[in-house]
Amino acid sequence: MSEVLEVKNLKLYYRTLAGIVRAVDEVSFTLRERETLAIIGESGCGKTSLSRALIRFLPRNVYEFSGSIRLDGIEVMKLSDAEFDKQIRWKKIAYVTQAAINSLNPVIKVVDHLIEPLVLHTNMSKNEAIERAREVIKKVGIAEDFLWRYPFELSGGMRQRVVIALSIITNPRVVILDEPTSALDVMTQANIMNLLKELKNNENLSFIFITHDIAVSSELSDKVAVMYAGQIVELGSAEKIYTDPLHPYSKGLLGSVPRIHTDKQVVFIPGTPPSLINPPSGCRFYPRCPQAMPICEKTPPPVIATGPEDYVRCWLYAEK
Ligand code: SF4
């Protein structure tokens with residue numbers, strides 16, 4: 001499978017009254033066609049800032065936005081905002097926010113929600129856009145006649161399906177879903193996860209899931225990036241990360257998931273993530289790490305390759 005997205009040394013810093021917030025700091029990863037990457041980590045670790053950097057939904061107080069984002073062969077960091085808006089956003093990469101399910105206007109029909117990005121961002125006529133809406137609504141498991149209903153007439157699960165239809169209607173290469181199931185009850189979550197699996201297998205799409213829910217990410221992902229304090233501390237195949245994580249933070253995060261069919265104790269990571277304004281000068285996980293060594297306190301850990309595209313950011317794996 002060829003690479004569809006390659007991110008290298010991406011930084012997104014914000015200027016605030018309290019100082020410079022390093023929300024995304026030297027993040028690198030690749031995503032291939034039909035691959036699903038889960039980005040996991042505690043709240044405030046930079047997951048949402050990373051997705052906003054990829055779709056270039058940036059606030060006004062950006063202090064630094066640098067690095068490389070190659071999407072479908074295009075270096076998008078070289079594009080102006082207007083060029084990005086015209087060539088990339090929705091056409092090549094789509095983003096569904098956590099709040100999207102509640103942001104469907106209740107008095108605008110489903111069909112009008114769906115055709116809007118096509119009419120605004122492609123050359124399609126209104127009739128062609130309606131045809132595409134008919135096609136996509138079926139793909140997300142909703143009967144065609146629901147196109148002519150209003151969002152307030154739909155259940156939460158159906159509205160989430162409409163939101164997913166919206167994210168794929170312009171035929172992007174990459175879809176970023178920020179906490180796609182967190183607002184749903186358990187049964188609806190399972191249905192949506194099945195839908196996402198179907199789309200992943202049947203459509204030529206690559207997904208990035210931003211989630212704090214390890215169960216969701218383990219169901220859907222091919223590979224996993226564990227984020228901590230604005231950085232990816234471990235990147236690897238889902239199988240590797242879920243069965244044999246290397247980084248002490250990955251181990252702690254996975255150990256904190258309750259499991260029914262095991263005697264293993266649930267482990268909590270003591271302390272809280274550091275400030276992104278003044279992170280520790282060495283390893284950012286140092287104050288909470290059960291395996292910390294003297295070198296970790298003052299010297300940032302190197303990025304150690306653990307596979308052709310995989311890595312861990314930790315002194316434990318540096319050559320002695
Ligand atoms: S670099 Fe040191 S402090 Fe950081 S995770 Fe590895 S062992 Fe722990």
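The following exercises, each with a worked solution, concern a predicted model.

**Exercise 1. The surroundings of the ligand**

Determine which residues come nearest to the ligand, and how the shell around the ligand divides into nonpolar, polar and charged residues.

*Solution.*
Step 1. Begin with the neighbours. There are 13 residues around the ligand, and the nearest are Cys283, Cys289, Cys296, Cys314 and Trp315.
Step 2. Sort the shell by character. Eleven of its residues are nonpolar and two are polar, while none is charged.
Step 3. Consider the space itself. The ligand takes up the largest cavity.

**Exercise 2. A salt bridge between distant parts of the chain**

Describe the contact between arginine 32 and glutamate 309, and state where each residue lies.

*Solution.*
Step 1. Examine the distance. The side chains of arginine 32 and glutamate 309 are 2.2 Å apart, N to O, and they form a salt bridge. The cut-off for such a bridge is 4 Å, so the pair qualifies.
Step 2. Locate the partners. Arginine 32 belongs to strand β2 (residues 19–32), whereas glutamate 309 is in the loop between β11 (303–305) and β12 (311–313). The two residues are 277 residues apart, and the pair thus links distant parts of the chain.
Step 3. Assess the exposure of each partner. Arginine 32 has a relative accessibility of 22% and is partly exposed. Glutamate 309, at 25%, is also partly exposed.
Step 4. Look for further partners. Arginine 32 and glutamate 309 belong to a network of salt bridges that also includes Glu3, Glu35 and Lys223.
Step 5. Recall the principle. Side chains of opposite charge can pair when their charged atoms come close.

**Exercise 3. Aspartate 72 and its partner**

Explain where aspartate 72 lies, which residue is its salt-bridge partner, and which sign its phi angle has.

*Solution.*
Step 1. Place the residue. Aspartate 72 is in the loop between β4 and β5.
Step 2. Identify the partner. Aspartate 72 forms a salt bridge with arginine 173, with the closest N and O atoms 2.6 Å apart. Arginine 173 sits in the loop between α6 (156–168) and β7 (174–178), and the partners are 101 residues apart.
Step 3. Classify the accessibility. Aspartate 72 has a relative accessible area of 27% and is partly exposed. Arginine 173 has a value of 17%; the limit for buried is under 20%, so arginine 173 counts as buried.
Step 4. Inspect the backbone. The phi angle of aspartate 72 is near 55°, which is a positive value in a residue other than glycine. Tryptophan 90 also has a positive phi, near 75°, and lies in the loop between α2 (81–87) and β6.

**Exercise 4. Aromatic pairs**

Classify the pair of phenylalanine 57 and tyrosine 95 and the pair of tyrosine 150 and phenylalanine 152 by the angle between their planes.

*Solution.*
Step 1. Establish the total. The whole structure contains six aromatic pairs.
Step 2. Take phenylalanine 57 and tyrosine 95. Their ring centres are 6.2 Å apart and their planes stand at 50°, so this pair is tilted.
Step 3. Place these two residues. Phenylalanine 57 lies in the loop between α1 (47–55) and β4, and tyrosine 95 lies in strand β6 (residues 93–96), so the pair ties together parts that are 38 residues apart in sequence.
Step 4. Compare their accessibility. Phenylalanine 57 is partly exposed at 29%, whereas tyrosine 95 is buried at 5%.
Step 5. Take tyrosine 150 and phenylalanine 152. Their centres are 5.9 Å apart and the angle between the planes is 15°, and the pair is stacked. Tyrosine 150 is partly exposed at 29%, while phenylalanine 152 is exposed at 58%.
Step 6. Add a cluster. Tyr228, Tyr249 and Phe285 form one aromatic cluster.

**Exercise 5. Residues within strands**

Decide whether leucine 12 and phenylalanine 209 are buried or exposed, and name the strand that holds each.

*Solution.*
Step 1. Consider leucine 12. This residue is found in strand β1 (residues 3–16). Its relative accessibility is 0%, so leucine 12 counts as buried.
Step 2. Consider phenylalanine 209. This residue is in strand β8 (residues 206–211). Its relative accessible area is 2%, so phenylalanine 209 is buried.
Step 3. Relate sequence to space. Leucine 12 and serine 237 are 225 residues apart along the chain, and their C-alpha atoms are separated by 25 Å. For phenylalanine 209 and leucine 253, 44 residues apart along the chain, the C-alpha separation is 17 Å.

Terms used
Residues are numbered from 1 along each chain as its sequence is written. This is a predicted model: local features need pLDDT of at least 70, side-chain atom pairs count only at pLDDT 80 or more; totals for chains, interfaces and linings use all residues. Side-chain values use heavy atoms; hydrogens and water are left out. A residue is near a molecule or strand if one of its heavy atoms lies within 4 Å of it. On a 1 Å grid over the protein atoms alone, a cavity is a set of points where a 1.4 Å probe fits but cannot get out, and a pocket is an open set with protein on both sides within 12 Å along at least five of seven lines; lining residues have an atom within 4 Å of a point. A molecule sits in a cavity or pocket if more than half of its atoms lie within 2 Å of its grid points. Ala, Val, Leu, Ile, Met, Phe, Trp, Tyr, Cys and Pro count as nonpolar, Asp, Glu, Lys and Arg as charged, and the others, Gly among them, as polar. Helices (H or I, at least four residues) and strands (E, at least two) are DSSP runs, numbered from the N terminus. Buried means under 20% relative accessible area, exposed over 50%, partly exposed in between (1.4 Å probe, protein chains only). Rings of Phe, Tyr and Trp (its six-membered ring) pair if their centres lie within 6.5 Å; planes under 30 degrees apart count as stacked, over 60 as edge-to-face and the rest as tilted.
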